[in-house]
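Open your viewer and get comfortable: this tour goes from one helix to the place where two chains meet. Keep your selection tool handy.

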Amino acid sequence: MPVAKSPDGAELYTRHCSACHAGGEGHPGTMRLARRPGPLPAVLVERANLTPAYVAAVIRNGLMMMPPFRPTELNSREIDAVAAYVAAAAQ
Amino acid sequence: MNAPDIVTAADFNAALEAMAEVVGREWVIRDSDAGLDSYRDAYSTREVAETGPAAAVAPLDVKQIQGVLAVARQYRIPLWPVSTGRNFGYGGAAPRQPGALTLDLKRMNRIIEVNERHAYAVVEPGVSYFDLYRYIQERGLKLWLDPAAPGWGGVLGNLADRGAGYTPYGEHFMAQCGMQVVLADGTVVDTALGSVPGARAQHLYRYGQGPWVDGLFTQSNLGIITQIGIWLMPEPPGYRPYMVTFPEEDDIHAITEAIRPLKLNMLIPNAATTVGLIWEAAVKVTRADYHEGTGPMPDSARRRMAADLKIGNWNFYAAQYGPERMMDNDWKVIQEHLGAVPGARFYTADERQHDPAFDYRAKLMRGIPNMTEYSLLNWVGTGAHIDFSPISPVTGEGALAQFHIMRDLCHAHGFDYIGEFLVGWRDMHHILMLVFDRTDPDNKRAVRALFDALIDEATRAGYGEYRTHLDYMDAIAGTYDWGHGALARTTGALKNALDPDGILAPGKSGIWPGSAAS
């Protein structure tokens, strides 16, 4: 029986998240987070306070202007991989 | 999960069990834990929790679609097909009626063919602009696609909804060639030349012989499109995007008069845009940067913002494509025409470096998908949007009249006018993006009242909408009522003939099962 390949969180982040959350101008998610009060960085992968559970919940449920991602776009294993990547990126 | 009103809970559960046998249990999404809430209309002007399907089912191929259809026919369960489900502003992956079953085609994401020699692609419903772009880039093909502004949108879904882009192939449906459709009874139809066994030119010639039916499956509920052929643009030898700013609101009259001959004679080859001040500014700044109060932004703040950002009340974007010498010649004519509008100021790419608004427009006009336009949702705190999109003739008189109607209604209801005109060959899509705070019920009520007023006033003035959100499909369809509703009776008769059980997307574009009889 073939073993399912583990999802690559970094690759999935690039594919699904970076168009909105990369650094620099022209990225709506980064623009939004830059206007939140507090010292946290606007670029998602530079934030050290994110937990995998929180990131996973945001992906599936959406937050602020960000709509949710459906199971057909990112299944639960893929979400876990992205969430782990994002949460660990700034550690 | 609640069963649709028209079936019993027992039948609904039995149907879902039968569908799970077809697609696999993982791909029948029945509750919040499985992600069902992600199918709601996140940008609904109503309570988001009141939107969304009773369940979702996600087939992988045509055979599985046929299996799901068989179960739906048996239990008379309405299916609402979505492709990438990312057309937020028009309803996303939610069905017209809460309680229907979303048929999620995102898993059908194969790029069947990209033909560089003849410049076309054949894709399934789940392929996004990002996917197709990546495929082309990875293979080094000299082809450009034409993305809608949000790159996560679907190539097939946007075309089927008759959406638009910004390259010379911007009128997406005009670039369609070849279609595969599954009817409600499970019949698979390859349209036009595709119905010739072993067809060799089905993605090169649109029509074949006899009635051309492809258009019947766009913005409709007569079948499920499972493959589409779309022409791509050969990479040109040169590309020059440009921008022209104009200082005053009523300049839209003179701008449009200058655009028409340039467009008709193809000196403007692409789907060019005349972008309003706030649409242009909101890629870089927010409303709170210039105005803290409620109601429409005052003129003084608007002028300050325009001066800071070196933009106009209107900002025209277009591009040249071709050999350098040809572009040099055309540029003289373009400058002569558009430069005749008082206050016109021209900018090239070199002159707008580090400007994210110019940058994303320049990308879109050469077929590079991106998400920058979503920055507009930052205009207000927790932004969402719904779009009102009437068609205008390419005349100064028409553009100015529409602009005045829509701006004045926006302001009367407390909203900013955030709009653009996208010029096709002989028309303009006037896109009014109504940005509202999705966390504020009063703001949502106000946007609904504004939308109703926009429909009334635009219809009174003789302007029809080209596309609309789920909640307004009946209202917009109702404005197409010439000849005692002859058009609606025609589509209704087709619906009854092709989907007698009424299981496909009831209410899509105002077409309901049994509507011909009523």
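**Stop one: a helix with two sides**

In this predicted model, select helix α1 of chain B and color B:F12, B:A15, B:L16, B:M19, B:A20 and B:V23, which are buried. They sit on the same side of α1(B), because the arc they cover around the axis is only 145 degrees. Now turn to the other side of α1(B), where B:A10 and B:E21 are exposed.

What covers the buried residues of α1(B)? Show β1 (28-29), β2 (55-57), α2 (62-75), β3 (79-82) and β4 (101-104) of chain B, which are among the elements that do so.

Next, try the distance tool on the end C-alpha atoms of α1(B), residues 9-23: they are 21 Å apart. That agrees with the 21 Å that 15 residues should span at 1.5 Å a residue. Step just past the helix to B:G24, whose phi is positive, at about 95 degrees.

**Stop two: where chain B meets chain A**

Bring chain A into view and select the contacts: 42 residues of chain B touch 22 residues of chain A. Together the two chains bury about 2,500 Å², with 57% of it on carbon and sulfur atoms. On the chain B side, pick B:S38, B:R86 and B:N378, which lose the most area to chain A and together make up 22% of what that side buries.

How many salt bridges cross the interface of chain B and chain A? The rule finds three. Zoom in on one between B:D289 and A:R35, where the closest N and O atoms are 3.0 Å apart. For your last selection, take helix α3 (residues 129-138) of chain B, which gives the most to the side touching chain A, with three residues.

Notes
Residues are numbered from 1 along each chain as its sequence is written. Chains are lettered from A and ligands numbered from 1 in the order in which they are written. This is a predicted model: local features need pLDDT of at least 70, side-chain atom pairs count only at pLDDT 80 or more; totals for chains, interfaces and linings use all residues. Side-chain values use heavy atoms; hydrogens and water are left out. Helices (H or I, at least four residues) and strands (E, at least two) are DSSP runs, numbered from the N terminus. The expected span of a helix is 1.5 Å times one less than its number of residues. Buried means under 20% relative accessible area, exposed over 50%, partly exposed in between (1.4 Å probe, protein chains only). The arc is that of the directions from the helix axis to the C-beta atoms. Contact means heavy atoms within 4.5 Å. Buried area is the accessible area (1.4 Å probe) that two parts lose on being put together, summed over both. A salt bridge is a side-chain nitrogen of Lys or Arg within 4 Å of a carboxyl oxygen of Asp or Glu.
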